[in-house]
Amino acid sequence: MIKITTLVENTATKAKFKAEHGLSMLIEKDGEFILWDTGQTDAIIHNSKLLNIDLSKIKIVALSHGHYDHVGGLKYLLEHTKPTVYAHPDIFRKRYSKLSDDGNLRYIGIEDREFFEKKGASFVLDEKPVEIFDGIFTSGFEDMHTDFEEVDKNFVYEKDGGYVKDYVEDDMSLVIDLKDGLFVLFGCAHRGIINIIDNVEKQFNKKVVGFLGGTHLGPAGRLQREKTIKELKKRDYIKIMGPSHCTGMLMTATLYCEFKDKIIFNNVGTVTTL
Ligand SMILES: [Fe+2]
Ligand SMILES: [Fe+2]
């Protein structure tokens, strides 16, 4: 049995938990604890205590991409454990979001590699899929091929003394290889969930039977939202959908209207067993 506990998310199942714009999920398999993302602040520490999770047991961490709301909790986690941390080599880009057309930028990246290494993290950076535990893989680089999914127009990163468009090439997902298919955890899915689903199905030669995590459909345009729903309907073999985080309440409600019992409302404290 595989148990997935959501430690950080934008909303919570009980008032005692901290909710924030961020994501973190803990996978338990064969007595091993694997952490997917860390949320934005020390909410991960607060919520784990309430859920009776011993953070010192987490020796494997995988990061979806280098945005503050997924990696911000890592420095707090490193006070409790010194794990191996898997990510894409481009995760440390100095990245920003344009606040408006006047060019004001907001920093949305993370600290340097050395900052985390001094605190005890050991990084394994790879753009190809890596098996981080028995049957659990990073997706590796996700190529973009649909004509309706796009990366947020406001993202840029520092390059050669200037700013260039950030296509979030470091965006990865986590793939759990089950007997009857693949179960996928998204981070923010900046490169599009249909792109990601197609990629992992090709890479692992199996169908995706379920997913949990950020879909980025909340900030996406109407066309992307509509076409994504259409494409999900074509993939009837997907039995569990847990849209979270950057999906937003409105889009989660829309997905519920379309997919009914397939939808899991995935918030802090939600436990999903596979
Ligand atoms: Fe995010
Ligand atoms: Fe993000």
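Here are some questions and answers on the metal site and the aromatic rings of this predicted model.

Q: What makes Asp69, His70, Cys188 and His245 donors of the iron ion (ligand 1)?
A: Their atoms sit at 2.1 to 2.2 Å from the iron ion (ligand 1), and the cut-off for a donor here is within 2.8 Å. So they count as donors.

Q: Why is the arrangement around the iron ion (ligand 1) called irregular?
A: The four donor atoms subtend angles of 85 to 159 degrees. Tetrahedral needs all angles between 85 and 135 degrees, so the 159 degrees rules that out and the arrangement is irregular.

Q: How do you know whether Asp69 is buried or exposed?
A: Asp69 has a relative accessible area of 3%, and buried means under 20%, so Asp69 is buried. His70, at 0%, counts as buried too.

Q: Why is Glu231 called buried?
A: Its relative accessible area is 17%, and the limit is under 20%, so Glu231 makes the cut. Glu231 is in helix H6 and touches Phe148 and Ile194.

Q: How many aromatic pairs turn up in the whole structure, and what makes Phe92 and Phe123 an edge-to-face one?
A: The search finds eight. The planes of Phe92 and Phe123 are at 85 degrees, and over 60 counts as edge-to-face, so that's the label for this pair. The pair ties together parts 31 residues apart in sequence.

Q: Why is the pair of Phe186 and Phe211 called tilted?
A: Their planes are at 40 degrees. Stacked needs under 30 and edge-to-face over 60, so the pair is tilted.

Notes:
Residues are numbered from 1 along each chain as its sequence is written. Chains are lettered from A and ligands numbered from 1 in the order in which they are written. This is a predicted model: local features need pLDDT of at least 70, side-chain atom pairs count only at pLDDT 80 or more; totals for chains, interfaces and linings use all residues. Side-chain values use heavy atoms; hydrogens and water are left out. Donors are N, O and S atoms within 2.8 Å of the metal (3.2 Å for Na, K and Ca); water is not among the atoms, so sites may look incomplete. Four donors count as tetrahedral if all angles lie between 85 and 135 degrees; four count as square planar and six as octahedral if opposite donors are over 155 degrees apart and all others between 65 and 115; anything else is irregular. Buried means under 20% relative accessible area, exposed over 50%, partly exposed in between (1.4 Å probe, protein chains only). Helices (H or I, at least four residues) and strands (E, at least two) are DSSP runs, numbered from the N terminus. Contact means heavy atoms within 4.5 Å. Rings of Phe, Tyr and Trp (its six-membered ring) pair if their centres lie within 6.5 Å; planes under 30 degrees apart count as stacked, over 60 as edge-to-face and the rest as tilted. Lists of a residue's contacts leave out its neighbours within four places in sequence.
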